[in-house]
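Reader: I am new to this structure. Please take one part of it and go through that part closely.

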Amino acid sequence: MSSTSSYSHTGRPANRVDGAAKVTGTARYAAEFTGADLLHGHVVCSGIPRGKILSVCTSEAESIPGVVKVFTHENTPHLAWLDRSYRDQVAPDGSPLRPLHDWEIYFQGQPVALVVASTPEVAAYAASLVRVTCEADTCSTDLAEERANAYKAPASRSGIELPPDPRGDPDEVHAAAGLSLEENYGTPAQHHNPMELFASTAVWEKDVLVVYDKTQGVLNTQAYLTKVFSLSKKALQVRSPFVGGAFGSALRPQFQCFMAVLAALELQRNVKISLTRRQMFGLSGRSRTIQNVKLGATLYGELKSVIHECFSETSRFEDYIENVVNWSGVLYRCENVRQKYELAKLDINTPCDMRAPGATQGVFAFECAIDELAAALKIDPLEFRIRHHIDRDQTKDLPYSSKQLLECYRQGAAAFGWERRDAVVGSGREGRTLKGSGVATGVWEAMQMPASAKAVLGADGKLVVSSATSDIGTGTYTIMSQIAAEALGLDITDVKFQLGDTALPSSPLQGGSWTAASVGTAVDAACRKIRKKLLKMAESHPAFDGTREDDLTLDEGCVIVAGDPAHRISFTDLLEASSVSKIQRKSTALPKILKQRKYARQAHSAVFAEVEVDEDTRMVRVTRVVSAIAAGRIINPKTARSQILGGIVWGIGMALQEETVHDHRLGRIINPGLADYHFPVHADIGDIEVIFVPEDDNVVNPLGVKGLGEIGLVGVAAAVANAVHHATGRRVRDLPFTPDKLL
Ligand code: MOS
């Protein structure tokens, strides 16, 4: 097919099509929808992490004017949970939390009552008057204390790979290695703090309950709600046109959503629940890990063995698993590898996916260990990585669909000025400032899920494309508009993309960095069907007098004779001439599994960081980061760069600041708010440079995109840690590197 208009949109830095709506406040988020006589719910959360509710006294709360009802486990209508085995799409093995179901307390912050009132203020005040009497059990929130209770993670969470069988003789080789290293690393629990608070607004539209929810997947939320409340999908629709950040926190339906629907059904009223920032720490967050890495090498600097073990946490009621350790078996050439992944049950909410779940923690430990090994061998850490580069996935024994990691190292190093680095630790001292630099590798899977999209070209020449996906701030609206505009030779302003509505064609959850690959392929395919139809119609239009389809192209909203741009007819004229009011096509894009399974498919990065450490206060400042990314084709370099910038800032926070702290005696989180839970602000961030290394890949999907959500974060904290060592000579293996750990 001749298509001179191809690539006129993709590959270009288009502004966000939803940018104006967002900055002018017309973009509406879950808590901003409303309904007639709207009621407001305020959640009461448990102060203890484990025990039983003996009684809930609600009379004082109920006496406040404006309070409509207080829901507790004692009076919760039996509307819900007919099928207790039901789990949402991304639920781990186990049985999900059933809010207000019974007296059992599993974690601090668990919802134990819901006050519904006429205003949010009345609801919040009345909630403060609900008296919950509990019998507290002894609790455990300290992962390190639970070693004896570690168990092998079960293999049932779909899509998450557990450690593969060992290869070679890792333990023997490690014991006999010319140079060996064994270190422990720790990463803390973290809690999701997207800008937008979790909220759900349940509004009756005649007999249909419409739930505006903060979610990364309207269909998952709908499936969950209809299942637990025994409703038909017609009777309950979910919409989520805008999401103010989610990063994994809105993959699973959260408890405020369940509670808003419960109240709306029972009271037959419109109900809104918004959680407070503090209550969001009762939702789930990144799992804590304790990791042990053993590396063995020859004295000449060849990596001979890798052993990576991780011990992580889950709740009493679910077995949350993620891929922490498998990455260390594929990043470098090595014949002898063994990995282990174990869990322990704590009195916490089930951890959940948080941007690059698993890889963020596992690659941190492994990439620090690799740096330590290179230092012990007196080999430049970048040189060590390049020497051990491999073009084959050694775990799956497959070639890569594409892998430009060497080029990431080369371009990243050139931009960073790595060759000017003095390898001597502490050599960067300037007065009382210790300067250093470090490098790390990043990796993430390139995945594609089945997805559908619909495209409608109207008689006015405007295109409307839709899919039930979401845009958590990543730029989905924009890149889907670009893909559609390009397929049909339209101006991007003539394309409207709709998402976040269960009435639209089905789409996977927005997670795992697979949206561009999955939904993008479906959008492209639906639009190409319209393209085909337009070309067919043009062939038989008198203006083209039998010009063959192959000699026609689409551009500027017209069918054009290739090589003769004046010879054209607009889509509007063409539709009118054919008496067609619109062209509508739907497409479902399935991954080409037979082709894909012959290859390993991953995105890669090389991250370079420069730090300055104050000799006296031990404050670390990350002055510069260069990240070179190979993630297939880049649809929009502007929104793509923003994705990576966000990941890098998050990585700096992970290295230096971010941590959920428990008081283990009480089982309570002691920093549940932005005053105490720290992450970087603008003033904490220095120069960041993002490089996209071109990568051609026709295996991952027809668009050749690998996805960018997660890769930006992986490896950043390790690069910072390695730079801190270069600056100070101190290895801190326990995140975050607060000044006290560097004294
Ligand atoms: Mo992805 S875990 O939803 O950032």
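Author: Strands here are DSSP runs of E with at least two residues, and helices are DSSP runs of H or I with at least four residues, numbered from the N terminus. Two strands pair if DSSP finds at least two bridges between them. The model is predicted: local features need pLDDT of at least 70, side-chain atom pairs count only at pLDDT 80 or more, and totals for chains, interfaces and linings use all residues. Residues are numbered from 1 along each chain as its sequence is written.

The part chosen is strand β30, with its partners. β30 and β31 form a hairpin with five residues between them. In the turn, arginine 618 has a positive phi of about 65°. Strand β31 covers residues 620-630 and pairs with β30 in the antiparallel sense, over 10 bridges. One pairing joins alanine 609 to its bridge partner in β31, valine 625.

Strand β22 (residues 433-445) also pairs with β30, again in the antiparallel sense, over 13 bridges. There, alanine 603 in β30 has tryptophan 444 opposite. In general, strands of a sheet pair through backbone hydrogen bonds, either parallel or antiparallel.

Burial comes next. A residue counts as buried if 20 or more other C-beta atoms lie within 10 Å of its own, as exposed if 12 or fewer do, and as partly exposed in between, with C-beta atoms placed from the backbone. Strand β30 spans residues 602-614, and 11 of its 13 residues are buried, so β30 is largely enclosed by the rest of the structure.
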